[in-house]
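Trainee: Could you take me through one part of this model up close? I'd like to follow a single sheet and see what packs around it.

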Amino acid sequence: MLVSLAMVGGSLLSVVIGHAVLAQGQVRLSGVQAALAAEQAVHRQEVLGAAKLETPSRIVAQARQQGMAPPTNTHQLPRVPLDQPLGAPHVAPSTTTTAPSSTSGR
Amino acid sequence: MSPTRTLRPADERTGRPGGRPAPAASPFRAPRPTQSGTSPRTPTRPTTSQPGRHPAPRRHLAPRRPAKTKQILGRRVRFVRLALVVVFLLIAVRLVDLQVFNSSQYQKAASQQLTKPITIPALRGGIYDRNGDVLAMSVPTKMVLADDFQITHPQAEAAKLAPYLKMDPAKLAPLLSRRSGYVPLAKNVDTATAAKISDQFFPGITLVDSAQRHIPNGTLAAPVLGFVNATDKGAAGLEHQYTTALAGTPGSETLLASPGGVALPGTPVTHKTAAAPGTGLELTLDEPLQYTTEQALAAEIVASHASGGVAMVMDVRTGQLLSMANLTASTGGKATTSTPAPSTPATAPTEGKTVAIGPTGPVSQSVSNAAVTQLYEPGSVFKLVAFSAALQDGVISPDTTFTVPNRMQLDGSTFHDAETHPTERLTATQILAQSSNIGTALIAQALGESRLLAQVKNLGFGKPTGLNFPGESPGLIATATAWEPTNYVSLPIGQVDAVSPLQVLDAYNAVANGGVFVAPKLVRATVGPTGAVKATPPSATHRVISPSTDAQLVTMLQQVVQTGTGTSAFIPGYTVAGKTGTAQVPATGKNGYTDGAYKATFVGMAPAKNPVFTAIVVLDHPTPIFGGTVAAPVFSQIMGYALHHYDIPTTPGASTTPPPPGTVGSSQAQDVT
């Protein structure tokens with residue numbers, strides 16, 4: 001009889017403890033979920049901030065502010081294979097402004 | 001009963017010292033007889049006083065009620081008792097009914113009055129360019145609500161709450177004491193601030209989930225992206241077209257709330273379903289190229305006093321639209337009558353300048369995506385139809401020679417080239433390069449009505465592009481039943497059919513793609529809530545021109561840029577093929593055309609030998625009016641940037657110097673239709 005009572009009491013106690021642990025875990029889980037949501041919101045804010053910083057209009061404005069300007073002329077450089085030794089440089093009169101484009105690429 | 005029991009106050013009725021009053025004579029029971037013949041409970045009072053004792057003073061007793069009255073009274077008492085029992089029984093039964101049998105029903109009814117399901121908005125999916133750069137995205141925010149019935153000290157609460165909401169306490173306090181039960185205090189409060197407010201446990205203040213849509217690039221590609229309305233639903237553009245996918249699935253939570261909908265303090269959430277974020281879109285647009293396209297177009301709109309314009313760049317193989325610009329002059333959109341701007345060279349004078357595009361700038365984004373929603377008579381760029389069909393059917397070859405007069409009579413109408421010239425012998429290539437209307441009409445007549453009409457449809461005109469963009473128009477094209485003899489001239493020069501700029505670009509893209517038509521595309525992939533990217537199916541393709549014919553056509557179009565009307569489309573280091581168009585604008589509400597109103601177009605491809613990109617530029621009401629003068633330079637800027645941006649190799653042997661200016665000016669007038 002005593003043993004039975006002890007077992008019942010022990011079972012009830014373990015149930016109570018289990019319930020308490022469960023409730024504690026639930027509270028902790030809710031906290032973690034709230035923290036996760038907050039961090040995700042912060043992350044999205046950061047992504048948005050980065051997106052605003054890298055907009056072309058802002059980059060152009062910053063470049064102009066630092067004295068950069070679009071080129072008035074673009075020089076196309078011939079593509080050179082890297083597995084072959086470079087030939088001797090061809091010295092030509094400096095009358096042209098563009099590089100020879102006999103080979104494709106730049 | 002024993003007479004020795006505890007004495008009680010004298011009975012008023014019997015005068016006995018203590019004891020219970022003598023029972024009334026029961027109507028149902030006879031008194032119990034005793035030995036003396038009298039009831040033991042009613043001892044007889046001595047009639048004479050005992051010696052030595054004074055007689056007890058006589059009391060004034062209430063008059064005895066008659067037996068009948070007692071009976072009635074007793075009956076009433078019993079009746080009341082019975083009634084009380086019945087009433088309490090009924091109450092007990094009702095209590096059991098309420099608490100046991102129907103408890104759930106009443107609990108439900110009670111909770112319905114108190115609990116309130118609140119929708120948790122799903123975070124709308126983002127829109128990204130082809131490189132993953134953000135074009136539009138939603139950020140979670142909170143809306144601050146007040147139930148002023150729960151606020152007992154509005155002044156003090158306003159003073160504490162105001163710094164978080166960046167409001168004046170003097171203005172906030174009246175809001176907290178309005179007595180309406182539902183007062184929105186602030187919208188789109190960032191989550192960090194909202195957390196601080198939540199930690200303060202302000203009575204009567206509730207934070208509700210919301211979201212705010214952000215466009216980090218300002219107005220970039222606004223007509224394509226569209227916008228969302230106040231309820232976060234897509235109202236235009238891609239936001240509208242893909243609103244179901246972007247919106248996600250809202251969640252819900254149930255909590256105890258006041259009748260105004262504000263949560264009661266300290267009440268737990270009884271039910272919560274999390275919201276599923278929406279699916280994002282990865283577009284085919286390239287943010288830097290889109291910016292460059294818009295800037296180049298805007299600069300030309302300003303320089304040529306145009307009322308607006310459209311420009312697009314397409315990937316030849318996949319049909320993906322890399323940029324799609326739709327701009328309108330902020331001055332009201334009417335053709336200017338001011339002094340014409342000087343002819344724009346290949347390297348536009350506006351290069352390097354930034355045009356403010358927006359409400360405060362000279363140019364604004366169009367209300368709609370005019371590239372697909374607005375139709376126009378394309379002018380000479382439509383000559384592609386006649387030339388492609390004639391080459392395909394062997395009616396002409398690039399070298400077929402025609403005798404081209406300055407004017408021709410057809411069905412009582414006189415047609416002439418834009419620029420007066422003597423009758424001359426021109427090859428088919430020259431007719432296209434110089435954009436001769438009469439020469440093109442001769443080719444169309446040789447081709448025949450049915451073949452012309454078939455080729456119009458074959459190149460994608462008169463039917464949806466497959467983009468399914470909101471408000472997209474399939475175009476208005478001539479049919480065999482409505483055919484008129486004058487259509488032999490007016491149709492091939494682009495004065496009959498009304499098409500969209502995208503349809504024109506599609507047709508030229510088919511030429512650039514070796515004769516294979518590729519449906520245009522704006523959405524490259526979908527982006528799941530976890531970031532997983534799922535590519536959309538490739539665009540449908542079908543051959544519309546044979547490879548040999550296509551090669552001939554590209555060579556002919558190349559001559560347009562090398563020696564014809566489109567020399568301003570020249571790009572150093574690359575070969576370019578294309579076509580100019582300068583079309584009159586039909587008058588509204590009457591036959592004929594609006595005087596002085598033109599649409600200038602250039603559409604082309606590069607590198608011509610192996611095209612990678614096609615592009616189109618359309619300007620509304622420019623001055624000067626010619627496509628080769630105002631649209632071709634913009635094409636050159638946009639295409640040049642695209643070729644460099646995507647590291648496309650230069651064409652071996654391609655010129656690095658623009659054609660002489662004289663060649664350009666002499667042939668542009670021919671382009672007018």
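Mentor: Sure, and keep in mind that this is a predicted model. Let's start with a pair of strands in chain B: β22(B) and β23 (residues 593-606) of chain B run antiparallel to one another and are joined over nine bridges. To put your finger on one spot in that pairing, look at B:Ala583, whose bridge partner in β23(B) is B:Lys599.

Now zoom out a little. The two strands belong to an open sheet of six strands, and in chain B the order reads β13-β12-β11-β24-β23-β22, with antiparallel pairing. At the edges sit β13 (363-365) and β22 (577-586) of chain B, each pairing on one side only. Going from one strand to the next, the twist averages 20 degrees.

Next, the helices. Helix α17 (residues 547-562) of chain B lies across β22 and β23 of chain B, and its direction makes an angle of about 70 degrees with β22(B). Helix α18 (residues 627-645) of chain B also lies across β22 and β23, along with β11 (308-315), β12 (321-329) and β24 (613-620) of chain B. The angle between α18 and β23(B) is about 30 degrees.

For the wider setting, chain B is split into domain 1 (117-283) and domain 2 (287-671). The centres of these two domains of chain B are 46 Å apart, taken over C-alpha atoms. Their contact draws on 27 residues from domain 1 of chain B and 24 residues from domain 2 of chain B.

Technical notes
Residues are numbered from 1 along each chain as its sequence is written. Chains are lettered from A and ligands numbered from 1 in the order in which they are written. This is a predicted model: local features need pLDDT of at least 70, side-chain atom pairs count only at pLDDT 80 or more; totals for chains, interfaces and linings use all residues. Domain bounds come from an automatic or database domain assignment. Two residues are in contact if their C-beta atoms, placed from the backbone, lie within 7 Å. Two strands pair if DSSP finds at least two bridges between them. Helices (H or I, at least four residues) and strands (E, at least two) are DSSP runs, numbered from the N terminus. Axes are lines fitted to C-alpha atoms, for helices over the stretch in contact, and angles run from 0 to 180 degrees between N-to-C directions.
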